[in-house]
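Colleague: I am new to this structure. Could you show me how to read it, feature by feature?

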Amino acid sequence: SSSSQSRRDMEMTRERKPLIQPAKVGVAGANLVREAGKEILREAKDMTRRDHANMEKIPEMQSGDIPTAGLGQDAYGVGIMCMTQGHDALVNATSGVTKFEGAFVIAFGFGVLFTNGLLQLFLIIYTRKYVLHQLADSMRELYGKYHSEMFDDDQNFIHQHWEKWPQEYRRQLCQFPLSVDSFFFMILLIWTLMMFGEVRSCMRIGWDLSVLPELGYGKTLEACTADGKHIICGMRPKPRWSIYLFVLLPRFFIAYITWWYGCRWLTSTPSFADLILNSCALGFITSVDEVLYSAVVPEHVRRMLESTSIYSPRRASEHALRAWKEINLLNYLMSLLYWLIGGFATWLYIYRMQPVLPEWQWDVSERCTEREAPLMSSNAFTRWVVSLLPS
């Protein structure tokens, strides 16, 4: 009986073994899940600690003393605000409606940026197609005729041919912008500095975004409120790089393309009066972003943009106070550097890079008289100055 009892016990133990093994596996799996949970909590605490460390970079100030930099009251400012706000809504969305609203805000910002870039590029491309080519071809034809009829085989100027040349041809040739390089240099320098201002705006916004504290997982931005204004105090890499790629980089590219074809348009201008008018027309092309902002962007979005800014340590009050008490010659020398960069870019284009008349030999101004080109005559300039004086 004892042997049969032991045999039954062994059979019962053998039957229970399959039930015990899954329990052991379940305990091991639970241990793995527990360890993974501890690791996730540890990483979350580290992220929170890093977020607090990053946010501590922002000094404790009174609400009116927080240094900020505006986003710009134009289409680019709308794009920056919509990308930041939309990404934040998507990350913190608690329902499908909130996600849709965030996606719609991002799409609205992209739409404004795309429309602005499309209009500016459209104006530049069609100006190049329908205006620049015709003007440049007529200038090249007239200058080629001038060299073929006014010079002999040894490139000696024939004065008798110049005197017999039609008056209209002489007037047109002497009205070329390159025939009075000092006047043209001044006009082109103003245009270059104008476009250089666009580049500097991109650089300032890019710098302010790069020094913002970086947030961890779960937050797209950290916003502060001061005196009814919203200040972006921290940002995640995703919206930051979205602004770099879809706002600042296209703005820089459009500024360069506009400067290049603007210089070509001004070089192709057939008269001094049209040179001034075309300079004003270029100002119209560069103001498309402001036109869209004032005509298309809703009033609510415009008010939000006016009350939104970026935390900017470079504009802190202690920096401004120190700059006032201690004269920093480097800042003044930087202004001189900007002048030199603009002047060098203008000189480089006129004397080395301009493609309108690459064969221009600077041999026209000495042939022109006061009648063909009044700007070349110092007497005409003197009479113009005297005419402005009261009698």
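Modeller: We will go from the overall fold to the cores, a helix, the disulfide, single residues and the cavities.

Modeller: This is a predicted model, where local features need pLDDT of at least 70 and side-chain atom pairs count only at pLDDT 80 or more, while totals for chains, interfaces and linings use all residues. Residues are numbered from 1 along each chain as its sequence is written, and side-chain values use heavy atoms, with hydrogens and water left out.

Colleague: How many helices and strands does the chain have?

Modeller: Both are DSSP runs, numbered from the N terminus: helices are H or I with at least four residues, strands are E with at least two. Here the chain has 13 helices and four strands.

Colleague: What share of the residues is buried?

Modeller: Buried means under 20% relative accessible area, exposed means over 50%, and partly exposed lies in between (1.4 Å probe, protein chains only). Of the 391 residues in this chain, 36% are buried.

Colleague: What share of the contacts comes from residues 24 or more positions apart?

Modeller: A contact means heavy atoms within 4.5 Å. Among contacts with a separation of 6 or more, residues 24 or more positions apart account for 76%.

Colleague: Now the cores. Which residues have the most contacts inside the largest nonpolar core?

Modeller: In soluble globular proteins, nonpolar side chains tend to be buried together. A nonpolar core is a set of buried Ala, Val, Leu, Ile, Met, Phe, Trp, Tyr and Cys residues joined through side-chain atoms within 4.5 Å. The largest one here has 40 residues, and Tyr 146 and Leu 173 have the most contacts inside it. Two or more residues come from each of α3, α5, α6 (181–210), α7 (237–267), α8 and α12 (329–353). The most come from α3, which gives eight. Apart from this core lies another, of 28 residues, including Val 78 and Ile 231.

Colleague: Which residues does Tyr 146 touch?

Modeller: Residues up to four places away in sequence are not counted. Tyr 146 then touches Phe 151, Phe 157, Trp 162, Trp 165, Leu 173, Asp 363, Val 364 and Arg 367.

Colleague: Leu 173 has come up twice. Which residues of helix α5 are buried?

Modeller: Helix α5 covers residues 167–174, and Arg 170, Leu 173 and Cys 174 are buried there. They span an arc of only 90° around the axis, so they sit on the same side of α5. The arc is taken from the directions from the helix axis to the C-beta atoms. The buried residues of α5 pack against α3 (96–150), α4 (159–164) and α8 (272–286).

Colleague: Which cysteines form a disulfide?

Modeller: A disulfide is a covalent bond between the sulfur atoms of two cysteines. It is assigned to a pair of cysteine sulfur atoms within 2.5 Å. This structure holds one. Cys 174 and Cys 368 form it, with sulfur atoms 1.8 Å apart. The link is left-handed, at -90° about the S-S bond. It joins distant parts of the chain, 194 residues apart: Cys 174 is in helix α5, and Cys 368 is in the loop between α12 and α13 (378–388). Cys 174 and Cys 368 are both buried.

Colleague: Why does Leu 282 count as buried?

Modeller: Leu 282 counts as buried because its relative accessibility is 3%. Leu 282 lies in helix α8. Leaving aside neighbours within four places in sequence, Leu 282 is in contact with Trp 191, Gly 262, Trp 265 and Leu 266. Leu 282 and Trp 191 are 91 residues apart along the chain, with C-alpha atoms 8.6 Å apart.

Colleague: Is Glu 290 buried, exposed or partly exposed?

Modeller: Glu 290 counts as partly exposed, because its relative accessibility is 47%. Glu 290 is in helix α9 (residues 288–295). The C-alpha atoms of Glu 290 and Ala 75 are separated by 6.5 Å, with their positions 215 residues apart along the chain.

Colleague: Last, how many cavities are there, and what lines the largest?

Modeller: On a 1 Å grid over the protein atoms alone, a cavity is a set of points where a 1.4 Å probe fits but cannot get out, and lining residues have an atom within 4 Å of a point. Grid points are joined across faces, edges and corners, and a volume is the space filled by probe spheres set on the points. The search finds two cavities of 30 Å³ or more. The largest holds about 90 Å³. Its lining includes Tyr 76, Gln 120, Arg 251 and Asp 289. The largest share of that lining, four residues, comes from α7.

Definitions and conventions: On a 1 Å grid over the protein atoms alone, a cavity is a set of points where a 1.4 Å probe fits but cannot get out, and a pocket is an open set with protein on both sides within 12 Å along at least five of seven lines; lining residues have an atom within 4 Å of a point.
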